[in-house]
Amino acid sequence: MSAPHNNAELPKQYDPKAVEPRLYQEWERNGYFHAEPDPSRPPFVICMPPPNVTGQAHLGHGSTYTPMDVLTRYHRMLGDDATWLPGLDHAAIATEAVLVRQLATEGLSRDSLGRERYLERAWEWARTYGGTINTQFRTLGFGPDWQRERFTMDDGLSAAVRKVFVQLYREGLIYRGKRLINWDPKAKTTISDAEVDYVERDGHLWHIRYPFSREDRSHGIEVATTRPETMLGDVAIAVHPDDARYAHLIGKTVFAPPLLLREIPIIADSAVDASFGTGAVKVTPAHDPTDYEIGERHGLAMPSIMDEDARITGKDVDVGAYAGLDRYDARARIIAGLRDLGLLVKEESYRHSVSVSERTGEVIEPLLSEQWFAKMKPLAEPALQAYRDGRLRFVPERYGRTYEHWLENIRDWNISRQVWWGHQLPVWYTPDGDVIVAETEEEAHTIARERFGGAVLTRDPDTLDTWFSSGLWPFSILGWPEKTEELACWYPSSVLITGWEIIFLWVARMVMLGMHVMGDVPFPTVFIAPLVFDAQGRKMSKSLGNAIDPMDVVEKYGADALRMGILRQMRVEAQELRFQESRCEEARNFNNKIWNATRFALALPEGLPPAMVLPPAGALTIADGWVLARLHDTIVEAGERLDAFDFGGAAESLWRFIWYELCDWYVEAVKTESSKPTRAAVLSFVLNHAMRLLHPIEPFITEEVWRSLPHDGATILTASWPDRLEVPVDRDAERIFEAVRACVERIRNLRAEMGVAPKGRIVLSVPAALPDSVVDLLAQLCGGEVERTAALAGDDPVALLTLVSGRAPAGVMLERLRREAARLVAEVERGERKLASDQFVSKAAPDVVAKEREKLQDYRSELARVREDLAAMEAQA
């Protein structure tokens, strides 16, 4: 049992700036966040979603990462083998964008440096500037096992990536093919379907005639399109097979504008939406996903008319004078050309969905390109089954249906990227174009000698989609493919906490790859944390001026206050957290309340007992029994809430108990003479337990307060979670004290009605049968003088408390009546003057005059009553 501080060592004011950095450095220095695999204890493992190496902390991290820290601290206190495994993601596209901008300021480019020098710069940047977010996480009080921090580009994880790629390739689940992909012209790379955002934008819908003849362009089939620049690659016009308007045209041909050099067929395909535009659509297989599928079904040619810079190219088909134009310049020129040819039927404003890159915001250009793909359906089936049979669950449950729907409709995953920062594909080519896939270059040469007698090998320059390495995260960070003790004890992890927007990008891929490689789900539960909006429900952004830097909030209120402020606003089913900074200010006040209550306990003249031991049950007061019963129930409720991921409910439960019940009601109740024998021991016991309950949410102030009290161990981090069985429960005491509270609230309301100041004395009329201990409590809590009334039948304190009444002391009542009499005299005089005015009586409406006479009479009657009461009281005085 460690000796507590004395009061002189606890400053008058709680200062988070002085406490939080000091404690965090001590925790990390002493290795309190570190864990080793321990098969003798239940594991509790969370794999931190690795933030981007380029990232900065934002409020979204508060709603997602704070719960991870809370659960890890909670389970460590429960005695579990608890660990939170941190790391950073190399964020290929985001990092490359930063580096390209940086190089441009030096007059350099990626290509001018060359791959080797460029990667040297990338590593230098990552080591120098990357990981700022981890420093910010420390400021927020997050306590992952920093000794186990991983990086998706470190040697071990890179080896895991290569091994899985080779395994999937050899199983026929990775292949190379020419397919339609999403091209980001700004980032100069492909991106997956899940990295495409769809935004509503104002545009135009152009109606264009495709003529039957070059010479007579007045007849043809009318098509509506939002992307006329792609018509240079049109290979057909498609209509729905059941559309009677065009049945007679199926099989005929038209000339493709604007060049009118090629004849293209009119075909029927059920993919056509007959209600869109004219019901006839142009088919450009190399530049539209639906058109690509139509082209495959009908065996159509697939000429590309756009390059990787989103400029028109004639490498597959004649594009005339449009060659080399940017796609939007080409659009304008084509519209002008169609207008000159008389083929532009009409142009109308049109709001529609546009696909843009999630990373850069650039409008995506579908391109036909030779890339590497992963076959998803064979991987998706086991992942679907795991959800359907309950091995994988989502909280809230509705997100399981989102997961299921995506896996049911999954398409092959384009996994190759045209950036240099990332995991380079473990793929080599011979001069003849033969493909060799191997984990190392040495192995690739061995395969080349065995198959071809040796050859000069060229490595594929592409890198893997960042989400490929992230998909291996739950087992790669545990040392896989080595058979480590961590892997044996900590896979699968206990829960994944993340946002709904990456269910497709990350969650589903971790489940698929984890089940395929490890044979089990990587986690049994996925908790979807809410997105953070401003108080008006708007997304936070610099352009709106509503973005809030969590570091600024910590500077004003402290990390504990930010954590509590966020968690109190979280609800399990609500997926929109409307952040209000005022909640953090309230949390700071909450912490001050705790601090002051602790100082009160430490200042008790009898001193705190050296050990955390309660007095015998028979010695406890009603207030003692009540606060211990409330502590018992709070232990139960807080644990149940945390187990159910109801972080807001847990925070509210602790807030209610600590602020209102412990620091308000109980602290005030123990100022009576009768409470002195037990209050120090009970206060010490309850404060100690309350700080342990609150610690996962507010780690700093709880450590500081806990250390000032009698306690076991060096730090609250390794203290045990309170056991409800250690807390005595007296339901009779609880029932009586609750009745006292109700009585006090009633008397306080009465005090306000009588105009007695909050600290002014009041006279309490108390039934004679009410026990002295209860009467003392009432007098202390109500600030009143007691007079006993006649004895009544019955001795149930709860029933007797309902009979307690109160009145103001005579002096207070006299002063109140005098003020009221003076007010009424002024009202009577005002009314008399008004009604004595001929101008008012003659000009005002009769009903207005009548109402004024009625008011005057009421004031006179009330004044007479008050004067009568005043005379009576003065006579008694």
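## A four-stranded mixed sheet

In this predicted model, strands β10, β11, β9 and β12 line up in that order to make an open sheet with mixed pairing. The edges are taken by β10 (253-255) and β12 (280-283), each of which pairs on one side only. Going from one strand to the next, the twist averages 30°.

Look inside the sheet and you'll find β9 (residues 236-239) running parallel to β11 (residues 263-268), with three bridges between the two strands. I237 has I266 in β11 as its bridge partner.

## Two cis peptide bonds

Most peptide bonds are trans, so the next two spots are worth a look. One is a proline pair: P257 and P258 are joined by a cis peptide bond, with omega at about 0°. P258 sits in the loop between β10 and β11, and β10 is one of the edge strands of the sheet described above.

The other cis bond links V395 to P396, again with omega about 0°. Here P396 belongs to the loop that runs between β15 (393-395) and α11 (398-408).

## Positive phi without glycine

Most residues other than glycine have a negative phi. A310 goes the other way: it isn't a glycine, yet its phi is positive at about 65°. You'll find A310 in the loop between α8 (289-298) and α9 (327-341). With a relative accessible area of 3%, A310 counts as buried.

F645 is another non-glycine residue with a positive phi, about 65°. Its loop lies between α20 (622-643) and α21 (647-669). F645 is buried too, at 9% relative accessible area.

## E439 and its sequence-distant neighbours

E439 is in the loop between β19 (435-437) and α12 (441-452). Is E439 buried, partly exposed or exposed? Its relative accessibility is 25%, so it counts as partly exposed.

Leaving aside residues up to four places away in sequence, E439 touches R162, K163 and V166. There's also A160, which is 279 residues from E439 in sequence but 9.4 Å away in space, C-alpha to C-alpha.

## The α22/α23 helix pair

Helix α22 (residues 676-694) and helix α23 (residues 699-708) have axes that come within 9 Å and cross at roughly 155°. That angle is over 145 degrees, so the two helices count as roughly antiparallel. The crossing of α22 past α23 is left-handed.

Who does the touching? On the α22 side, the contact uses N688, M691, R692 and L694, while α23 brings T702, V705 and W706. Sorted by class, that makes four nonpolar, two polar and one charged residues.

Conventions. Residues are numbered from 1 along each chain as its sequence is written. This is a predicted model: local features need pLDDT of at least 70, side-chain atom pairs count only at pLDDT 80 or more; totals for chains, interfaces and linings use all residues. Side-chain values use heavy atoms; hydrogens and water are left out. Two strands pair if DSSP finds at least two bridges between them. Axes are lines fitted to C-alpha atoms, for helices over the stretch in contact, and angles run from 0 to 180 degrees between N-to-C directions. Buried means under 20% relative accessible area, exposed over 50%, partly exposed in between (1.4 Å probe, protein chains only). Contact means heavy atoms within 4.5 Å. Angles under 35 degrees count as roughly parallel, over 145 as roughly antiparallel, 65 to 115 as roughly perpendicular and the rest as oblique. A crossing is left-handed if the near helix is turned anticlockwise from the far one by less than a right angle, and right-handed if clockwise. Ala, Val, Leu, Ile, Met, Phe, Trp, Tyr, Cys and Pro count as nonpolar, Asp, Glu, Lys and Arg as charged, and the others, Gly among them, as polar.
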